[in-house]
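Okay, thanks everyone for coming. I'd like to walk you through one structure today, so let's get it up on the screen.

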Amino acid sequence: MTTGSAAGSGTARGGASGELPRIVCHMVTSIDGRLHPSRFTASPDGVVKDWSRLTEGLHDSYGGEGWIVGRATMQEMAKGEPHPPAAFEPPPRPHHIARRDAKAIAVTFDRGGRVHYRAGEIGGDHAVAVLGSGVADAHLAELVADGVSYIVSQTPDIDLRAALAVLKREFGVSQLLLEGGAEINGAFLAAGLVEELSVVVAPALDADLDVQGIVAFPGGLKGRVQLRLIGCDRLDHGAVHLRYEVLPG
């Protein structure tokens with residue numbers, strides 16, 4: 001069953017044709033909208049690895065030049081420990097670009113500089129940290145030594161729109177996939193920066209109390225966004241791919 005157009009299409013709102021890259025929020029979830037596949041119930045149709053593989057395949061089909069995750073997600077992926085240089089020159093601000101020729105970038109929004117890296121790549125994609133203005137020089141020097149690019153916001157709280165403009169200008173990206181966690185997904189949606197919501201729904205439930213969903217924002221998103229269905233595909237292993245255009249609320 002299919003409705004709508006192929007992945008990657010949609011009406012631009014200041015994305016690829018403007019000063020900002022087009023943002024697609026792409027997630028896998030249970031039927032009850034939960035975030036962590038490790039908690040999903042079993043299904044005779046498939047297992048978590050199957051649904052993750054489908055999600056990764058769709059990620060590739062969008063053809064973007066990189067992806068965005070929040071601090072907690074990147075900490076799990078980067079697996080680094082603090083290791084600032086013993087001595088260093090004052091690192092550059094507001095940004096340092098370690099590589100301009102990367103085929104894809106792996107971006108994290110890490111206001112306080114809590115993510116530490118082992119190298120300048122995550123899964124083969126060039127690592128880029130977006131940080132708040134209060135980040136310590138020692139952390140920036142650590143990122144420089146690791147080959148990680150960074151962008152320092154002019155304010156303690158990161159200006160998402162300004163950061164995206166720098167990413168497009170410095171790396172030439174026209175489309176990025178936003179892939180959680182819940183808080184960064186909610187912040188981007190609330191700021192009107194997401195043009196498409198892509199969700200792989202697995203035939204599973206979580207159902208525990210007080211477990212985070214794929215989107216979270218203080219006070220909710222009612223009145224901030226509207227969703228218009230543009231695609232519905234039945235996938236293997238009992239999963240469904242839903243695509244929505246994100247409109248102002």
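One bit of vocabulary before anything else: when I say helix or strand, I mean a DSSP run, at least four residues for a helix and at least two for a strand, numbered from the N terminus. With that in hand, glycine 192 sits just after helix H5 and takes a positive phi of about 70 degrees. We'll come back to H5 in a moment.

Keep in mind that this is a predicted model. Confidence first, then. The mean pLDDT of the protein is 93, and 93% of its residues reach 70 or more. The stretch to watch is residues 1–14, where pLDDT stays under 50. The model does have 39 contacts there beyond four places in sequence. Still, where pLDDT is low, the predicted coordinates should not be read in detail.

Now, find strand S4, residues 105–109. Are its residues buried or exposed? Five of the five are buried, so S4 is largely enclosed by the rest of the structure. Both faces are covered, with Ile105, Val107 and Phe109 on one side, and Ala106 and Thr108 on the other.

Which strands pair with S4? One is S2, residues 66–70, which runs parallel to S4 over five bridges. In that pairing, glycine 66 stands opposite isoleucine 105. Another is S6, residues 125–131, which also pairs with S4 in the parallel sense over five bridges. There, phenylalanine 109 stands opposite valine 130.

Back to H5, as promised. That helix covers residues 182–190, and seven of the nine are buried, so H5 too is largely enclosed by the rest of the structure. Among the buried ones are Ile184, Phe188 and Leu189, and also Asn185.

Next, the aromatics. A search of the whole structure finds one aromatic pair. Phenylalanine 109 and phenylalanine 188 make that pair, and the geometry is edge-to-face, with 5.5 Å centre to centre and 90 degrees between the planes. It links distant parts of the chain: phenylalanine 109 is in S4, phenylalanine 188 is in H5, and they are 79 residues apart. Both of these phenylalanines are buried.

Those two rings turn up again in the nonpolar core. The largest one has 39 residues, and those with the most contacts inside it are Ile68, Phe109, Leu164, Leu167 and Phe188. Elements giving two or more residues to this core include S4, S6, H5 and helix H4, which spans 160–171. So who gives the largest share? That's H4, with seven residues.

Have a look at leucine 164 as well. Leaving aside residues up to four places away in sequence, leucine 164 touches Leu20, Pro21, Ile23, Ile68, Leu176, Phe188 and Leu193. There's also a second, separate core of 20 residues, and Trp67, Tyr117, Val135 and Tyr150 are among its members.

Last topic: cysteines. How many disulfides does the structure hold? Zero. Take cysteine 25: the closest cysteine sulfur, in cysteine 232, is 18 Å from its own sulfur, which is too far for a bond, because a disulfide needs the two sulfurs within 2.5 Å. Cysteine 25 is buried, with a relative accessible area of 1%. Cysteine 232 counts as buried as well, at 12% relative accessibility.

That's my tour, and I'm happy to take questions.

Note on methods: Residues numbered from 1 in each chain as written. Predicted model: local features only at pLDDT ≥ 70, side-chain atom pairs only at ≥ 80, totals over all residues. Heavy atoms only, no water. pLDDT = per-residue confidence, 0-100. Contact = heavy atoms within 4.5 Å. Buried < 20%, exposed > 50% of the residue type's maximum accessible area, 1.4 Å probe, protein only. Pairing = 2+ DSSP bridges. Core = buried A, V, L, I, M, F, W, Y, C linked by side-chain atoms within 4.5 Å. Phe/Tyr/Trp six-rings, centres within 6.5 Å; stacked < 30°, edge-to-face > 60°.
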